[in-house]
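Please read the following report beside the sequence and the model shown here. It describes pockets and the molecules bound in them.

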Amino acid sequence: MKRIAVMTSGGDAPGMNAAIRAVVRRAIHHGLEAFGVRRGYLGLIQGEFEPMPATAVSGIINRGGTMLLTARSPEFLTEEGQGRAVEQLKSRDIGTLIVIGGDGSLHGAYDLWHKWGVPTVGVPASIDNDLAGTDFSIGFHTAVNTGVDAIDKIRDTAVSHDRIFVVEVMGRRVGFIALEVGLAGGAEAILIPEMPTEITKVGTTIKQGRRRGKNSYIIVVAEGAGRGIAVAADIEAITGAETRATVLGHLQRGGVPTSADRVLATRLGAAAVDLIVDGRVGNMVGTQANQVSVSPIETAWLQHKTIDQSLYELALVLAT
Ligand code: ADP
Ligand code: F6P
């Protein structure tokens, strides 16, 4: 029986478990034997493999995090580390590896295939949603829901106290979470790395609004566009109004995956196995216009995923 392995790597994302489940069960459906690698590339180098019968993935579809655990592995960035990882797969006669993770993890999958000839398939999972080659990455939808839930709660206290709140959401290099959270939460301002904004301008608009009697505000800031605490201090200095900051941080990485993430992860996990069966390795799966899509793994970083500018402009219009 042909053997495949699956692992999760890099930052965890809600829905990774649903993807693992789909990989394992789809593999069994195709007559493949599935193995799980624990702790991403770290565990791959150390030989942390476990057999994955259908029962191994029972009861995980609704759980956040990843049952296979995840890690970051500086050693895998070295030639020697990659060589050891390849040996671990070969010694177990495992023919293909499915990597579920973000852009760094898919880089690793690319290396295994292009530098070492180990067949790999990538499954995009990152709450940041910053991988090209797919409209959505696993975990994004859940992280956005968590952010919106937080804003709804913060707005209650913001209104009660006539305060301004700055809510910092995740997004090291991109503003996908901030934009979506800001739109869905009705934020008055959204600060994202893609659209540099002058804080003075935001502060002045708030000052004018407060003169008209609009007393509470929510500003959503992506971590890559500025730290919430610093932005709050600037806004308070400009407006003279009480301003508080809330950093959502890793809250957004956990929690029960939404149905959208479970369905996405299920579709992508199964599609990854189908690619192996069809011999189409070296690719990543994704969705485009709600259809499963296939592109070379390197698409994830060679193409640049851009925010929908019209959504950003709409948020600005609606904020006035
Ligand atoms: P994510 O997959 O969430 O973006 P990281 O960027 O931390 O997370 O990457 C996860 C792991 O993938 C790293 O610890 C490293 O082992 C491997 N990796 C990251 N970047 C590369 C790269 N350029 N080439 C090969 N492997 C990489
Ligand atoms: O998964 C991506 C991300 O959520 C970024 O937005 C954030 O900066 C980063 O992970 C933090 O990850 P860690 O604390 O695991 O380094």
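How many nonpolar, polar and charged residues does the shell around ligand 1 have, by class? The shell around ligand 1 has 3 nonpolar, 9 polar and 3 charged residues, where Ala, Val, Leu, Ile, Met, Phe, Trp, Tyr, Cys and Pro count as nonpolar, Asp, Glu, Lys and Arg as charged, and the others, Gly among them, as polar.

This is a predicted model, in which local features need pLDDT of at least 70 and side-chain atom pairs count only at pLDDT 80 or more, while totals for chains, interfaces and linings use all residues. Residues are numbered from 1 along each chain as its sequence is written, chains are lettered from A and ligands numbered from 1 in the order in which they are written, and side-chain values use heavy atoms, with hydrogens and water left out.

**Ligand 1**

Ligand 1 is surrounded by 15 residues, and the closest of them are Arg72, Ser73, Gly102, Gly104 and Ser105; a residue is near a molecule if one of its heavy atoms lies within 4 Å of it. Helix 4 gives the largest share of this shell, 6 residues, helices being DSSP runs (H or I, at least four residues) and strands likewise (E, at least two), numbered from the N terminus. The polar contacts in the table below are pairs of N or O atoms within 3.5 Å.

**Ligand 2**

The residues around ligand 2 are Arg72, Ile127, Asp128, Met170, Gly171, Arg172, Glu223, His250 and Arg253. By class, this shell divides into 2 nonpolar, 2 polar and 5 charged residues. Arg72 is thus named in the shell of ligand 2, and Arg72 is also listed among the closest residues to ligand 1.

| Ligand atom | Protein atom | Distance |
|---|---|---|
| Oxygen of ligand 1 | Polar backbone atom of glycine 11 | 3.1 Å |
| Oxygen of ligand 1 | Backbone N or O atom of serine 73 | 2.7 Å |
| Oxygen of ligand 1 | Backbone N or O atom of aspartate 103 | 3.3 Å |
| Oxygen of ligand 2 | Polar side-chain atom of glutamate 223 | 2.7 Å |
| Oxygen of ligand 2 | Side-chain N or O atom of histidine 250 | 2.7 Å |
| Oxygen of ligand 2 | Polar side-chain atom of arginine 253 | 2.8 Å |

Of the 550 Å² of accessible area that ligand 1 has on its own, the protein covers 78%, and of the 400 Å² that ligand 2 has on its own, the protein covers 77%; these areas come from the Shrake-Rupley method with a 1.4 Å probe.

**The largest pocket**

The space taken by ligand 1 is the largest pocket, and ligand 2 sits in the largest pocket as well, which requires that more than half of a molecule's atoms lie within 2 Å of the pocket's grid points. A pocket is an open set of points, on a 1 Å grid over the protein atoms alone, where a 1.4 Å probe fits and where protein lies on both sides within 12 Å along at least five of seven lines; lining residues have an atom within 4 Å of a point. The largest pocket holds about 650 Å³ of space, a volume being the space filled by probe spheres set on the points, which are joined across faces, edges and corners. Its lining has 31 residues, with Gly10, Gly11, Arg72, Gly104 and Arg172 nearest the centre, and divides into 8 nonpolar, 13 polar and 10 charged. Helix 4 (residues 103-116) supplies the largest share of the lining, 6 residues.

How values were computed
Polar contact = N/O pair within 3.5 Å; in protein donor to acceptor, adjacent residues only side chain to side chain.
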